[in-house]
Amino acid sequence: MRLEYFDMIDQVASFVPAEKRIVTRSTVPSKSPVFEGHFPGHPLVPGVLLTETMAQASGYLLLALNGLSQMPFLMMVDKARFRTFVEPDAVLDVSAELVHEGSGYAATKAKITIDGKPICDAELRFRLMPFPADMRALMEARIAAIGLNPEAA
Amino acid sequence: MSATFETVAAIISETCDIPREKITPQSHAIDDLGIDSLAFLDIAFAIDKAFGIKLPLEQWTQEVNEGKAPAEQYFVLENLCKRIDDLVAAKAA
């Protein structure tokens, strides 16, 4: 994870197209400018960045399922729950599943666990839109970097 | 009024915080009720779930943008409800 660059997903652990589900893994960095403010002497990953992490796992899932035909943009966070603190060096298992595929939008449920212990979860909704200029190439590079294979879908 | 309209009106009222009495079958979702595209996706999600269908919003939007269909055909509520009934019937067939 590179928190300050919003680069939240390190690698894909599993992608099961038939179940419309993905599990990714991320390791919280030991140090980050984010921890200088949140909080001095008591570093914790902000809930908003955990939400972003769940959104990115969901986004990669949607990209893989739609074969990079449309770009998902987060449009709603519902029922978000943050159950415990996340500290530096924690290894996060971030999972997401597609719960509804609408016309021009999609809904997922996502959660983060550490060693099987629930950390946070939320229901997320995404608007699916044509790729803005150059973003498709960026997403292709990110997907390759985390080891996701959209062809498997 | 139809059961479909009652369900749709309840969804719009709850999703967009619009008083139920302001929502009539002749209401235009955009022009009369002021529902924007993001809020309409919210409504579509609730309608999809309530009726077990998939509103073809992208197709409708394209038809309207290309001048192939008037917006009223899809966004006046009595017409929207007719489309929903058609989609439910097609799914059951």
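On one side of helix α1 of chain B, B:Ala3 and B:Glu6 are exposed. Exposed means that 12 or fewer other C-beta atoms lie within 10 Å of the residue's own, buried means 20 or more, and partly exposed is in between, with C-beta atoms placed from the backbone. The buried residues of this helix are B:Thr4, B:Val8, B:Ala9 and B:Ile12. They share a side of α1(B), because they cover an arc of only 125° around the axis; the arc is that of the directions from the helix axis to the C-beta atoms.

This is a predicted model, in which local features need pLDDT of at least 70 and side-chain atom pairs count only at pLDDT 80 or more, while totals for chains, interfaces and linings use all residues. Residues are numbered from 1 along each chain as its sequence is written, and chains are lettered from A and ligands numbered from 1 in the order in which they are written.

The buried residues of α1(B) pack against α2 (37-51) and α5 (77-92) of chain B. Helices (H or I, at least four residues) and strands (E, at least two) are DSSP runs, numbered from the N terminus. Just after α1(B) comes B:Asp17, with a positive phi of about 55°. B:Asp17 sits in the loop between α1 and α2 of chain B and counts as exposed, because it has 8 C-beta neighbours inside 10 Å.

Chain A has a residue with a positive phi too: A:Asp89, near 75°. A:Asp89 is in the loop between β3 (71-82) and β4 (91-101) of chain A. With 10 C-beta neighbours inside 10 Å, A:Asp89 counts as exposed. Another backbone feature is the cis peptide bond between A:His38 and A:Phe39, where omega is about -5°. A:Phe39 lies in the loop between α1 (33-37) and α2 of chain A. As background, most residues other than glycine have a negative phi, and most peptide bonds are trans.

Now chain A as a whole. Three helices and six strands make up its secondary structure, in the order β-β-α-α-β-β-β-β-α. Buried residues are 33% of its 153 residues.

Which residues have the most contacts inside the largest nonpolar core? They are A:Met54, A:Ala57, A:Tyr60, A:Leu61 and B:Leu80, in a core of 55 residues. A nonpolar core is a set of buried Ala, Val, Leu, Ile, Met, Phe, Trp, Tyr and Cys residues joined through C-beta atoms within 7 Å. Helix α2 (residues 47-65) of chain A gives the largest share of this core, eleven residues.

How values were computed. Contact = placed C-beta atoms within 7 Å.
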